[in-house]
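Biologist: I'm new to this one and would like a close look at a single part. Could you walk me through the aromatic rings and what sits around them?

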Amino acid sequence: MNIQEYADILNIEISLIYYPNQKNRWSAMFQNCEVMGDGVLIGTYGNGTTPLSAIGDFIENIKGKKIVFGAGTLKRREFVVPETLSV
């Protein structure tokens, strides 16, 4: 499954940000998403020199991990990201 299909299933947005004057730096992330790590939530994103490479880096950072949306709300949702997730 690719990340766009996964985002559609979960009904979440993928954010891409270009940082001017930072040597073509892009970042990618799911909106309002954190990764569960050792009992704490960690903000996670991917970096790259193109939008596609930033998305690929983000995927590598979340594969197989539990992700949490709306952590401090009554609408909290948790999912385990498939190991097979791809660009």
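Modeller: Here is a walk through the ring cluster, followed by the sheet and a few residues around it. One thing to keep in mind is that this is a predicted model.

Let's start with the rings. Searching the whole structure turns up 5 aromatic pairs. One of them is Tyr6 with Phe30, a tilted pair with 6.4 Å centre to centre and 40° between the planes. Tyr6 belongs to helix H1 and Phe30 to strand S2 (residues 25–30), so this pair ties together parts that are 24 residues apart in sequence. Are these two residues buried or exposed? Tyr6 is buried, with a relative accessible area of 6%, and Phe30 is buried too, at 2%.

Phe30 also pairs with Phe58. Their ring centres are 5.1 Å apart and the planes meet at 85°; planes over 60 degrees apart count as edge-to-face, so that is what this pair is. Phe58 sits in helix H2 (residues 51–62) while Phe30 is in strand S2, so here the pair ties together parts that are 28 residues apart in sequence. Like Phe30, Phe58 is buried. Step back, and ring pairs link Tyr6, Phe30, Phe58, Phe69 and Phe79 into a cluster.

Phe69 has a charged visitor as well: the charged end of Arg77 sits over the Phe69 ring, 5.5 Å from its centre. You can find another arrangement of this kind at Tyr19, where the charged end of Arg25 sits over the ring, 4.1 Å from the centre.

Now for the sheet. Strand S6 covers residues 66–69, and strand S7 covers 77–80. Both belong to an open sheet of 4 strands, in the order S4-S3-S6-S7, with antiparallel pairing. Strand S4 (40–43) and strand S7 are at the edges with a single partner strand each, so one side of each has no neighbour in the sheet. From one strand to the next, the twist averages 35°. In general, strands of a sheet pair through backbone hydrogen bonds, either parallel or antiparallel. Between S6 and S7 there are 4 bridges, and Lys66 stands opposite Val80 in S7. Helix H1 (residues 3–10) lies across S6 and S7, at about 145° to S7.

Just follow the chain on from there. Val81 is in the segment after S7. What is its relative accessible area? The value for Val81 is 1%, and since buried means under 20%, Val81 counts as buried. Leaving out residues up to four places away in sequence, Val81 touches Tyr6, Ile62, Lys63, Gly64, Lys65 and Ile67, so the list brings us back to Tyr6 from the ring cluster. Ile12 is 69 residues from Val81 along the chain, and the C-alpha atoms of the two are separated by 13 Å.

One last stop is Ser15, in strand S1 (residues 14–19). Ser15 is buried, with a relative accessible area of 15%. The Ser15 side chain makes a polar contact of 3.1 Å with the side chain of Gln31. Apart from residues up to four places away in sequence, Ser15 touches Ser27, Ala28, Met29 and Gln31.

Key
Residues numbered from 1 in each chain as written. Predicted model: local features only at pLDDT ≥ 70, side-chain atom pairs only at ≥ 80, totals over all residues. Heavy atoms only, no water. Pairing = 2+ DSSP bridges. Helix = DSSP H or I, 4+ residues; strand = E, 2+ residues; numbered from the N terminus. Axes fitted to C-alpha atoms, helices over the stretch in contact; angles between N-to-C directions. Contact = heavy atoms within 4.5 Å. Buried < 20%, exposed > 50% of the residue type's maximum accessible area, 1.4 Å probe, protein only. Phe/Tyr/Trp six-rings, centres within 6.5 Å; stacked < 30°, edge-to-face > 60°. Lys NZ or Arg CZ within 6 Å of the ring centre and 35° of its normal. Polar contact = N/O pair within 3.5 Å; in protein donor to acceptor, adjacent residues only side chain to side chain.
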